[in-house]
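I opened this notebook to record two look-ups, one on helix packing and one on charged side chains. The entries follow below.

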Amino acid sequence: MSNPFVRIVEPLDPKQPLKKFFNLSKLEDVRYGRLPFSVRVLLEAAIRNCDEFLVKKEDVENILNWKVVQHKNVEVPFKPARVILQDFTGVPAVVDFAAMRDAVKKLGGDPEKINPICPADLVIDHSIQVDFNRRSDSLQKNQDLEFERNKERFEFLKWGSQAFKNMRIIPPGSGIIHQVNLEYLARVVMDQDGYYYPDSVVGTDSHTTMIDGLGVLGWGVGGIEAEAVMLGQPISMVLPEVVGYKLVGNPQQLVTSTDIVLTITKHLRQVGVVGKFVEFFGPGVAQLSIADRATIANMCPEYGATAAYFPVDDISIGYLIQTGRDKEKVMCTKKYLEAVGMLRDFKNSSQDPDFTQVVELDLHTVVPCCSGPKRPQDKVAVSDMKNDFETCLGAKQGFKGFQIAPERHDNIVKFNFEGCDFELGHGSVVIAAITSCTNTSNPSVMLGAGLLAKKAVEAGLTVKPYIKTSLSPGSGVVTYYLRESGVMSYLSQLGFDVVGYGCMTCIGNSGPLPESVVEAITQGDLVAVGVLSGNRNFEGRVHPNTRANYLASPPLVIAYAIAGTIRIDFEKEPLGINASGKKIFLKDIWPTRNEIQAVERQFVIPGMFKEVYQKIETVNKSWNALDAPSDKLYTWNPKSTYIKSPPFFDGLTLALQTPKTIEDAYVLLSFGDSVTTDHISPAGNIARNSPAARYLTSRGLTPREFNSYGSRRGNDAVMARGTFANIRLVNKFLNKQGPQTIHFPSGETLDVFDAAERYKQAGHPLIVLAGKEYGAGSSRDWAAKGPFLLGVKAVLAESYERIHRSNLVGMGVIPLQYLPGEDAGTLGLTGRERYTIIIPEKLKPQMNIQIKLDTGKTFHAIMRFDTDVELTYFHNGGILNYMIRKMAS
């Protein structure tokens, strides 16, 4: 290695004399001390970074003095070992790469320099939808329809896998990205270029943090940032605070890992961990399987942290062997971690690091729970669910309210489905989905659901036929052990047939509800319910017709499906009455942890993983049959409505343009708190009356062919029109939900895109006003690209979620933050003013800048470029412009 501050130590394995490794404990005059394990991995990755952001010895010493300097904005150039993508975010990344090749060529450079330098794996898991369910051929029919809808996208991705080096595509039907990463792609320790070093990863999906459960440091970034990483650019980040989360005690017999993570999510939202690492320690960690830890790490974005890290221990090593990894390599991994002091014993308190802050949870205090009806952090104990929902019905419109008049709380709408009469009311369950990377990766909750289904069927219980039930496992391994353990047939009898291997309902790919159900919901203005084993339940995400959505463990998803309503007290009311007239309660069929673990030990075995993954890249015949072009430059098809060359690099020159003051900007939208990336750039259904629908219709498509916003992320014309198109958007300028705003020069109420177009044609810059947690949720880069294309120059918010702020920086949109103690209310801002944002010639990280209003008022805000590197990107107009200039010159 060229870094002079790293000593090479003796070969790790005498049989492999070329295998050397390096680590912090061998640096001149410095030692690990009591650094958190997550910071140790971060520093190892920083030391490997040997390009223009070369780590200097004083920077290393700063990081090692972490306890002293963590509040002083010390920059760390983190270069992860790998990048992982899924297709919703991967398609726009490959589109950008193709466009960047064109731009580099125009500027006289070598287009093939635009090429991933580190390994990049793209897993296709976001395209399949629940169009068919409750039938034995649902899986095949959904997969066939997936290929019919997405053939053009898949051909484009296949071109990318051939045109770019180091890019591997995992075909559709293989599983969910994070499950595949956990079971197959993750190395834990990299063995590359003659060196061992810790595995680390960034991904274009916010739930990349799931891999932290296996001791691989990883988190989600925007597609823009991931593209830069793939091209060799490190992520420049401020050294994070690390919150130590101490787990003690043993979980109760009836508690699942889902209950634990929902409890932790609520707790850490209250603690406040945005922009921080969370590292788990304490004897309670040793009680959790890797699947349990991965479940907790998965929901890291929901509690707002950057990473949720579980250091590697002997249970992690055992998991690598259980999942079929090469035993000899696993033993080398263990030796390396022991040698560098990074193998953890959670029962040994002398290994506990120093943390910024320590919080504690006794696992024995966790009770069965759900979260909802609109946010993941709004945990509700199962015993309180009925009362909580009924309170929400009448409460003021908000995160915990629907504002239904008291006299309408018990409204019932009768309807007919397949020749039988049924009734729907507020709280009726119409979607019950075992879905998402969070839970379908975990054998304990999946087998728990299977055992509960077995007992329910044997007790004579059924699920009403109009409820849209579905099971989308995280990988083929899950189906394997459900089948081998004998529970799959019982799941099918309750309607939970396998409908696909992908995210599906969790990301809004829930497919249509029966027309008679939709008519009943609409007729009664009912608050219908979706129950899913997912990680997100933001408004408008799961399905347009389910206003209340609850996150729950897979067994509870089945329980609520059987009950048919969320308005049930399981302790006092039966799930149902069987043909013999016997009342069956949930406690009668709920499996214990001991029952589940006994089945897991018998049926979750290494041979399953080896058999599934040895053929993962070749098993999909439809994928194998795709014919993709072989040219290194992509030939854009002007007729395509899926893949289009983006306008981001139009007119780009080698010379930098000095950032200018933003003069007399109008406010496009004014928001309150917790505006999510789903609100900004929805992934699901394209409404038939939307600007995007009008565009697609003009291109000759019918509504049946619209597909979803997520599938159209390779086409900027669709995505710009889909920006702020969420039907649950709450804009303070209007007294109703909906994707509209006021065009102030004319006073007209218009769709957001149409208003932005009018402003753009008149040459008016735009800004957005927002409250706390702006940009919560997914890592989607279109939540920054879309506003950029609408002409938004800056966002002024009380606080940002980490990934979205980085995405805004990546697109050259200025993230402004109110000074502490100030907000739109305290400053008297209505959003109807015009804003002039003064951009000084000399900028520095997190500097205060002046904002002048046309009313004569002046105030200051923080310009949230947090590092010098981010300022470099801003001067270039964004990360990708910077990379193009770098490659071209």
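Before listing any pair, I fix the term: I count a salt bridge where a side-chain nitrogen of Lys or Arg lies within 4 Å of a carboxyl oxygen of Asp or Glu. I also note that I am working on a predicted model.

**Entry 1, salt bridges.** With that cut-off I looked first for linked groups, and I found that Arg805, Arg864, Asp866 and Glu870 are joined in a network of salt bridges. How many salt bridges does a search of the whole structure find? The search returns 38 salt bridges, of which I looked up several individually.

**Entry 2, Lys400 and Asp388.** Here I found a salt bridge between the two side chains, with 2.8 Å from N to O. Because Lys400 sits in the loop between α13 (385–394) and β17 (412–417) while Asp388 belongs to helix α13, the pair ties together parts that are twelve residues apart in sequence. Lys400 has a relative accessibility of 30%, and I therefore list Lys400 as partly exposed.

**Entry 3, Glu748 and Arg758.** I noted a salt bridge between these side chains as well, at 2.8 Å from N to O. Glu748 is in strand β27 (residues 748–751) and Arg758 in helix α26 (residues 752–761), so this pair ties together parts that are ten residues apart in sequence. For the accessibility of the partners, I recorded Glu748 as partly exposed at a relative accessible area of 35%, and Arg758 as partly exposed at 33%.

**Entry 4, Asp137 and Arg135.** The side chains of Asp137 and Arg135 form a salt bridge with 2.6 Å from N to O. Are the two partners buried or exposed? I found Asp137 partly exposed, with a relative accessible area of 30%, and Arg135 partly exposed as well, with 36%.

**Entry 5, helix α20.** I then turned to helix α20 (residues 593–603) and asked which of its residues are buried. They are Arg593, Ile596, Val599, Glu600 and Phe603. These buried residues cover an arc of only 135 degrees around the axis, and therefore I place them on the same side of α20. On the other side of α20 I found Arg601 and Gln602 exposed. What covers the buried residues of α20? The elements that do so include α9 (290–298), α14 (443–458), α15 (476–484) and α21 (606–613).

Definitions and conventions:
Residues numbered from 1 in each chain as written. Predicted model: local features only at pLDDT ≥ 70, side-chain atom pairs only at ≥ 80, totals over all residues. Heavy atoms only, no water. Buried < 20%, exposed > 50% of the residue type's maximum accessible area, 1.4 Å probe, protein only. Helix = DSSP H or I, 4+ residues; strand = E, 2+ residues; numbered from the N terminus. Arc of directions from axis to C-beta. Contact = heavy atoms within 4.5 Å.
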